[in-house]
There are 2 protein chains.
Amino acid sequence: MKKAIILASGGMDSLVTTAIAKNENDDIYLLHTNYGQRTEDKELMAFRSICSHYSPKDILIVNIDYLAQIGGNSLTDKSIDVPKNKLGEEDVPNTYVPFRNGNLIAIATSWAEVIGAQSIYIGAVEVDGSGYPDCRKIFYDQLEKAINYGTKEDTKISIKTPLIHKNKSEIIKLGKTLNVPFELSWSCYNNNDIACGECDSCILRLRAFDEAGIIDPIKYIKKMRRLSND
Amino acid sequence: MKKAIILASGGMDSLVTTAIAKNENDDIYLLHTNYGQRTEDKELMAFRSICSHYSPKDILIVNIDYLAQIGGNSLTDKSIDVPKNKLGEEDVPNTYVPFRNGNLIAIATSWAEVIGAQSIYIGAVEVDGSGYPDCRKIFYDQLEKAINYGTKEDTKISIKTPLIHKNKSEIIKLGKTLNVPFELSWSCYNNNDIACGECDSCILRLRAFDEAGIIDPIKYIKKMRRLSND
C-alpha cells in the first residue's frame, strides 16, 4: 500500500505535484499550512477546491503562524512591500520565508510517521530564478538523510521533488498532459479577488503559460485593464 | 557578537543547556513551544521562571498544536496512557512525539536566520535509554548539514547538543557546577500540581539525582506518600 503526503499550498506547482503523486500512489494525503501569509484565505480556498478534485484519503490543515511571529519577509509582514518586476535583481528576494519549506517537511514527517506514509511530495522548483535556498535539490537530499536518522527504525521516508529541475513552462505542459485543473490554483502574492498580474509570482506564471503556448484559465487585474484599454 | 537560540521546554536538560549557552554566547534567545502536551501549562510556567533567572535578549513562545492534531503518542493524546515503570521494555516508548525535535529545530532555524543567530542549542540526550530517535547525535549532524543547504548563503547555523553523550547524573553534576536553579524545572509527564514520581521521566530524574548524590529540590507525590507512611 503506497501512501504519500503532498504539501499542497493551492499554487500551481503543488497542484501538478498532486496529480503526479495521485498517479504514483494508492492513497494520497494533502497537507496545507496557514502561516499568516497575505493570501492565506485565497490559498486555503484553492486547496479545498483541489481536495474536491483529487479526493485525498485524508487532509490536514495546520496553523503555523509562528512564521509570521518570526517575520523577516514580505509574505507575512505587511510593512514590507512585495517586490514588483524585481526578478533576478536580488540574490534572495524578500518573499523568501526563512526556512519555510524545512518547517513544512518537518510537519509532513511527523504525520508520515504516524500514518505510515513512505513519501512526502513537495512541488519545489530550483530553476527559474526564485532564488529560494530551501528549494534546492541538495537541501532535500540532505534533509531526507537527516529525517531517516531522526525517526523510528521502521519509518522510511522519501522526499519526492518531481518538479525540482523543471522550468515553469515544462511544469505547465506536464500538468496539461495530466489534465490538471489549473483554474483551481492560486499563485498571486497579493490578496485581491483576482490575481494582480504584476507580482513576481504572477509574472512567472504568465510568462510560463505564454512559453508553453497554453492559455492560463484564471483572470488577472492587469490583463483585464489591458483588455479594457484596447 | 555571538547569538544563540536555546530550545527551552522548562525541563532539566534544557535548563542546564541554557546555563551552558549563557556562558558561551553574548546574547541568548529562548524558544518555547506549546504543542498540546499534557503538561503544557506546567512547562510554560517553568519556562517563564527560567527566563526570569537567565534574562534572555528575547523570547519566542509558539503554538504548534498540529503535533496534537497528528497525535500518535501519549504526551498529546490523553486516550493513550503514559507508561509507568516501562523503562527499557520498549524500543521506542509511546511518549515519543513523532519527529518533534525535527520540528523544533526547524522553527529555531527560521528564527535564527532572521535574527542572525549562529547556534541552536538543544538539550537532547542520546544515552540513558529514552529510545527517542530524534535524540541521536547523528540526526543532529545530518540536520545541521541540511539546514545549511536550505538557508541563505550568509546564514551559518550550528546545532549544539552539549548533553548528548552525558547521562542524567552527569547532567545534574554539571548543572550544579553552573549553579543551575533546578527548583525551577518541570520534568513530570503528568499534569499534577506536584510531580508524580512514577512516570518514566520522574523515575529517570529521581534516579539521576540519587546517583549524583544531590538532593532534588522539587517535591514528588510518591515521595510524599512514602514519607507520610513512615
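**Exercise 1. Determine how confident the predictor is in chain A, and where its confidence fails.**

Step 1. In this predicted model, chain A has an average pLDDT of 91. A score of at least 70 is reached by 92% of the residues.

Step 2. Residues 224-230 of chain A stay under 50 in pLDDT. For this stretch the model has one contact beyond four places in sequence.

Step 3. Coordinates predicted with low pLDDT should not be read in detail.

Step 4. For the complex, the predictor gives an ipTM of 0.89 and a pTM of 0.91.

**Exercise 2. Work out the strand order of the open sheet in chain A and find its edges.**

Step 1. The sheet has five strands, and their pairing is parallel. Read across, the order in chain A is β3-β2-β1-β4-β5.

Step 2. β3 (58-63) and β5 (158-160) of chain A each pair on one side only, which makes them the edge strands.

Step 3. From one strand to the next, the twist averages 20°.

**Exercise 3. Describe the pairing of β1 with β2 in chain A, then place helices α1 and α2 against the sheet.**

Step 1. β1 (residues 3-7) and β2 (residues 27-34) of chain A run in the parallel sense and are joined over five bridges. A:K3 stands opposite A:D27 in β2(A).

Step 2. Helix α1 (residues 12-24) of chain A packs on the sheet and touches β1, β2 and β4 (119-121) of chain A. The direction of α1 makes about 175° with that of β1(A).

Step 3. Helix α2 (residues 40-54) of chain A also packs on the sheet, where it touches β2 and β3 of chain A. The direction of α2 makes about 170° with that of β2(A).

Methods: Residues numbered from 1 in each chain as written. Chains lettered and ligands numbered in written order. Predicted model: local features only at pLDDT ≥ 70, side-chain atom pairs only at ≥ 80, totals over all residues. Pairing = 2+ DSSP bridges. Helix = DSSP H or I, 4+ residues; strand = E, 2+ residues; numbered from the N terminus. Axes fitted to C-alpha atoms, helices over the stretch in contact; angles between N-to-C directions. Contact = placed C-beta atoms within 7 Å. pLDDT = per-residue confidence, 0-100.
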